[in-house]
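Got the viewer open? Load the structure, pick a clean cartoon view, and let's walk through it one selection at a time.

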Amino acid sequence: MSSRRRKPDWLKSQPPTGQRFADIKQTLRDRDLHTVCEEANCPNMGECWSGRDGPGTGPGTATFMLMGERCSRGCNFCDVATGGMDALDPDEPANVAEAVGEIGLDYVVLTSVDRDDLEDGGAAHFAETIRECKQRNPGTLVEVLIPDFGGDEDAVRQIIDAEPDVIAHNVETVERLQWPVRDRRANYEQTLDVLEQVDRESDIYTKTSLMLGLGEYDHEIYRTVSDLRQVGVDIVTFGQYLQPSRSHLDVFEYVHPDAFETWRRVAEEELGFLYCASGPMVRSSYKAGELFVDALVRDGKSPEQARDEARAAAGD
């Protein structure tokens, strides 16, 4: 099915507005920082930035993109530009940490472009940013969405040693569709290996995400989430793939919200994931999932209590 046909009603969202939204954008520009929220034009940006109780109510979440605006890889679902990467900014770790404090975030997600041009893939820079955020903002929980670092275990270990609260690495799609969805340097087994290493070498919560609507079959989705659970992944999210531009992959199907709810039940009730955020507008860094971790880590709630609290706060 062509993605150029009219989107269904369940994919409509309101553009972000308000003074807090404007203030956060200004803070980011003042420090020459970038967020995935903006780069990917995320439909949940206003909700997440506004705070857990709605616009203008205080601390919220945001996803900072480290190591520049340009990526060394060219995934066909992603709108981040490829090639022409700049040298790393040595002040970026401190600038990100200062912005987190100034904005008043109680949960921050750090991610990055791929930097295959760097010897360690940028792992040391990434790890320094984690440490700066934790040291300068001890009350803030830090989730990281990391690249695969080319499968380099030492690079992944640098992230583990920096002790974020959650380590995420996205499988993105089922094994059959890894190419053409992802760059050829990414692959299914490598992603499983990264997630398994985090589970094996630490007690840090692990997380991953899948996009639906790319032409995957139900049995492939089931196998994928089963494989993810087998390597110890704790949290999984499902969201609808949306075509960033006509030069990107077409949407094969707009998946109905009922199907997303079915996959949520399968993940939590059958396969035993601690939490699953699943819906057309869900993205890998999604407020409901972050509220779950917040209740689990900060408040010491049980997984069941944390799930109920996160869903209530998100209006589910």
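Start with the strands: select β7 and β8 (residues 235–240), which pair in the parallel sense over six bridges. Bear in mind as you go that this is a predicted model. For one rung of that pairing, pick L210, whose bridge partner in β8 is F238.

Now look to the other partner of β7. Strand β6 (residues 166–168) also pairs with β7 in the parallel sense, here over three bridges. Show I167 and T206 together, since T206 in β7 is the bridge partner of I167.

Before leaving, colour β7 by accessibility. How many of the eight residues in β7 are buried? Seven of them, so strand β7, spanning residues 205–212, is mostly covered.

**On to the charges**

Side chains of opposite charge can pair when their charged atoms come close. In this model there are 25 salt bridges, and we'll stop at a few of them.

Select helix α6 (residues 153–161) and turn on side chains for E153 and R157, which sit four residues apart, about one turn of the helix. Their side chains meet in a salt bridge, at 3.7 Å from N to O. Buried, exposed or in between: what is E153? E153 has 40% relative accessibility, so it counts as partly exposed. R157 is also given as partly exposed, because its relative accessibility is 25%.

Next, jump to helix α10 (residues 257–270) and pick R265 and E261, again four residues apart, or about one turn of the helix. The salt bridge between these two side chains is 3.7 Å, N to O. R265 comes in at 36% relative accessibility and so counts as partly exposed. For E261 the figure is 29%, which means partly exposed too.

**A network to zoom in on**

Select D183 and R185 and draw the distance: their side chains meet in a salt bridge of 3.0 Å, N to O. Try a surface view here. D183 counts as buried because its relative accessibility is 9%, under the 20% cut-off for buried. R185, on the other hand, is partly exposed, with a relative accessible area of 42%.

Now widen the selection. Which residues are linked with D183 and R185 in a network of salt bridges? Add R73, D114, D116 and D148 to the selection and you have the network.

Stay with D116 for a moment. Look for D116 in the loop between β4 (107–112) and α5 (123–136). Its relative accessibility is 34%, so D116 counts as partly exposed. Then add G150 and link the two C-alpha atoms: D116 and G150 are 34 residues apart in sequence, yet 7.4 Å apart in space.

**Last stop: the surface**

Switch to a surface coloured by charge and select D32, E69, D86, D89 and D91. What do these residues form? They gather in a patch of negative charge on the surface.

To get your bearings in the patch, centre on D89, in the loop between β3 (81–82) and α4 (92–103). D89 counts as partly exposed because its relative accessibility is 34%. With D89 in the centre, bring back the other members of the patch, D32, E69, D86 and D91, and rotate the view to see how they gather.

How values were computed. Residues numbered from 1 in each chain as written. Predicted model: local features only at pLDDT ≥ 70, side-chain atom pairs only at ≥ 80, totals over all residues. Heavy atoms only, no water. Patch = residues over 30% accessible without salt bridge, like charges linked within 9 Å, V, L, I, M, F, W, Y side chains within 5 Å. Areas by Shrake-Rupley, 256 points an atom, 1.4 Å probe, with all protein chains shown as cover. Salt bridge = Lys/Arg side-chain N within 4 Å of Asp/Glu carboxyl O. Lys, Arg positive; Asp, Glu negative; His and termini not counted. Charge placed at Lys NZ, Arg CZ, Asp CG, Glu CD. Helix = DSSP H or I, 4+ residues; strand = E, 2+ residues; numbered from the N terminus. Buried < 20%, exposed > 50% of the residue type's maximum accessible area, 1.4 Å probe, protein only. Pairing = 2+ DSSP bridges.
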